[in-house]
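Work through the following exercises with the sequence and the coordinates at hand, and compare each step with the solution given beneath the task.

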Amino acid sequence: MAAASALRATPLNPVHRALGAKLVDFGGWEMPVQYSGIIEEHQTVRRAVGLFDVSHMGEIEIRGPEAGQLADFVATNYAEKLKIGQAHYSGLLYSHGGFVDDILVHKVTEDHYFLCVNASNQEKDFAHIRDLNRFDARVELVSERYVQLAIQGPKGPATLQKLTPVDLSKIRYYWFTDGAVAGRPARIAHTGYTGEDGFEIYIAPEEAERMWNELLAAGAEFGIKPCGLGARNTLRLEAAMALYGHEIDASISPLEAGLDWIVKFDKGDFVGREALVRSRDSGVKRQLLGFEMRARGIARDGYEVYLDGAPAGWVTSGSPSPTLNKNIGLCYLPAGRAETGRTIQIMIRNQPVDAITVETPFYKRAK
Amino acid sequence: MYPQNFRYTKEHEWVRVDGDVGTMGITDHAQQELGDIVFVDLPKVGTRVAQGASAGSVESVKAVSDIYAPVSGEVTEINPILADAPEKLNADPHGEAWLFKIRLSVPAEVAKLLSADEYQKYIEAEK
């Protein structure tokens with residue numbers, strides 16, 4: 001067990017302790033990995049609704065007349081094309097094309113963009129954007145001002161709707177609005193990291209505990225449960241969503257990670273564009289692919305992947321899938337040999353174990 | 001919680017010795033730390049195991065952990081229920097979900113293991 005003293009904690013940390021959560025060191029943060037159990041929490045999100053404290057995530061604001069130009073210079077997706085109240089997934093890249101971080105960009109007004117970034121990357125992201133800022137824009141790290149809660153699952157919208165006058169059915173997927181939840185100001189975003197319907201809300205830290213309890217009370221009739229980062233990981237893996245430090249990092253480009261759709265080559269110059277153009281024209285070296293275990297065994301990140309009897313790649317994430325009742329994972333393979341339906345071997349504790357490459361996502365919710 | 005007639009390791013295994021055969025498993029503390037157990041990999045009958053050496057593994061949703069042999073000897077039997085019901089390890093780690101049996105080759109090793117009280121103190125200090 002890591003010493004708790006050096007870890008950062010969210011304002012809800014005492015609440016998690018009181019609920020009997022198992023707390024772990026997650027990138028320098030003491031976070032709940034589970035309350036009742038990962039599988040039970042996972043199923044609750046797929047079937048009903050789960051509540052997650054994701055306040056460790058960072059927030060960065062870009063404001064000013066050229067805020068959009070700065071956002072478009074540092075991130076791969078086309079921020080200025082967003083409508084006010086719309087959000088998208090994007091990448092912050094180094095000039096060599098590898099990821100600084102993957103982020104969500106929200107356009108609040110023409111001169112105000114709100115970025116949600118990974119917890120352990122926030123200081124790095126902030127310094128990166130600030131150092132590249134040659135625009136009439138201000139960059140500010142504002143994580144301390146927000147607690148972020150995720151209300152995820154088919155009953156997520158109904159749960160949140162009980163606490164807000166905002167008509168949530170009018171907020172399309174990846175849109176957001178500033179409104180009130182339980183009588184307090186909240187940024188309400190129709191986003192998530194579970195492959196399920198639901199919302200993420202950004203509120204003031206002082207409101208955290210009251211809001212948490214109000215949400216649990218509102219969702220009680222649907223069987224809401226507090227959910228930890230363990231379930232968040234199995235949920236996002238079933239949905240084949242990337243996790244920084246696993247599928248993506250400074251050595252991986254969005255083209256390799258299958259994230260071509262967040263790279264807008266035609267929008268003008270951006271950091272990493274040149275490297276991506278070269279890689280696109282010459283062809284990427286490796287590609288991210290999903291797999292299912294065919295024999296007994298669970299792949300874990302870092303395990304070697306063999307193709308035709310020789311090492312060819314590595315597992316980025318692997319886990320049992322509670323929804324599919326299979327052992328699944330994601331891995332990198334050489335681009336020319338990265339097609340689905342291929343038998344591969346995962347080296348599990350020095351034993352090659354058969355798996356087959358498959359289409360992703362592993363799980364897609366019924367619309 | 002921790003049966004007095006078991007002996008324990010600092011790696012969170014238990015062993016109950018009857019004559020020259022030890023029945024071993026993982027402790028309740030271990031199953032709690034692991035969370036939902038989804039896969040158990042046990043040694044084959046006839047395998048010779050050495051005290052403190054890895055003899056298999058237990059996987060939860062989140063991670064994989066080694067199982068260390070609490071005593072040296074030959075594996076004489078493995079628990080057949082765990083292949084299809086690994087979750088029993090969460091429910092009854094000291095009873096129904098024992099892992100395997102070992103014919104002791106060095107019976108004196110047992111005395112080196114922790115008593116129930118010593119193990120209890122050890123896990124409290126670890127917290």
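**Exercise 1.** Find the bridge partner of A:Glu61 in E7(A), and then place the two strands within their sheet.

*Solution.* The partner of A:Glu61 in E7(A) is A:Phe114. This is a predicted model, in which local features need pLDDT of at least 70, side-chain atom pairs count only at pLDDT 80 or more, and totals for chains, interfaces and linings use all residues. Residues are numbered from 1 along each chain as its sequence is written, while chains are lettered from A and ligands numbered from 1 in the order in which they are written.

Next, strand E4 (residues 58–63) and strand E7 (residues 112–117) of chain A run antiparallel and are joined by 6 bridges; strands are DSSP runs (E, at least two residues), and two of them pair if DSSP finds at least two bridges between them.

Finally, the open sheet of 5 strands in chain A has the order E5-E6-E7-E4-E8, with antiparallel pairing. Its edge strands, each pairing on one side only, are E5 (87–93) and E8 (138–141) of chain A.

**Exercise 2.** Determine how many residues of helix H7 (residues 229–238) of chain A are buried.

*Solution.* A residue is buried if 20 or more other C-beta atoms, placed from the backbone, lie within 10 Å of its own. By this criterion 9 of the 10 residues of H7(A) are buried, so the helix (a DSSP run of H or I, at least four residues) is largely enclosed by the rest of the structure. Among the buried residues are A:Leu229, A:Arg232 and A:Glu238. After H7(A) comes A:Ala240, with a positive phi near 55 degrees.

Note on methods:
Buried ≥ 20, exposed ≤ 12 C-beta atoms within 10 Å, placed from the backbone.
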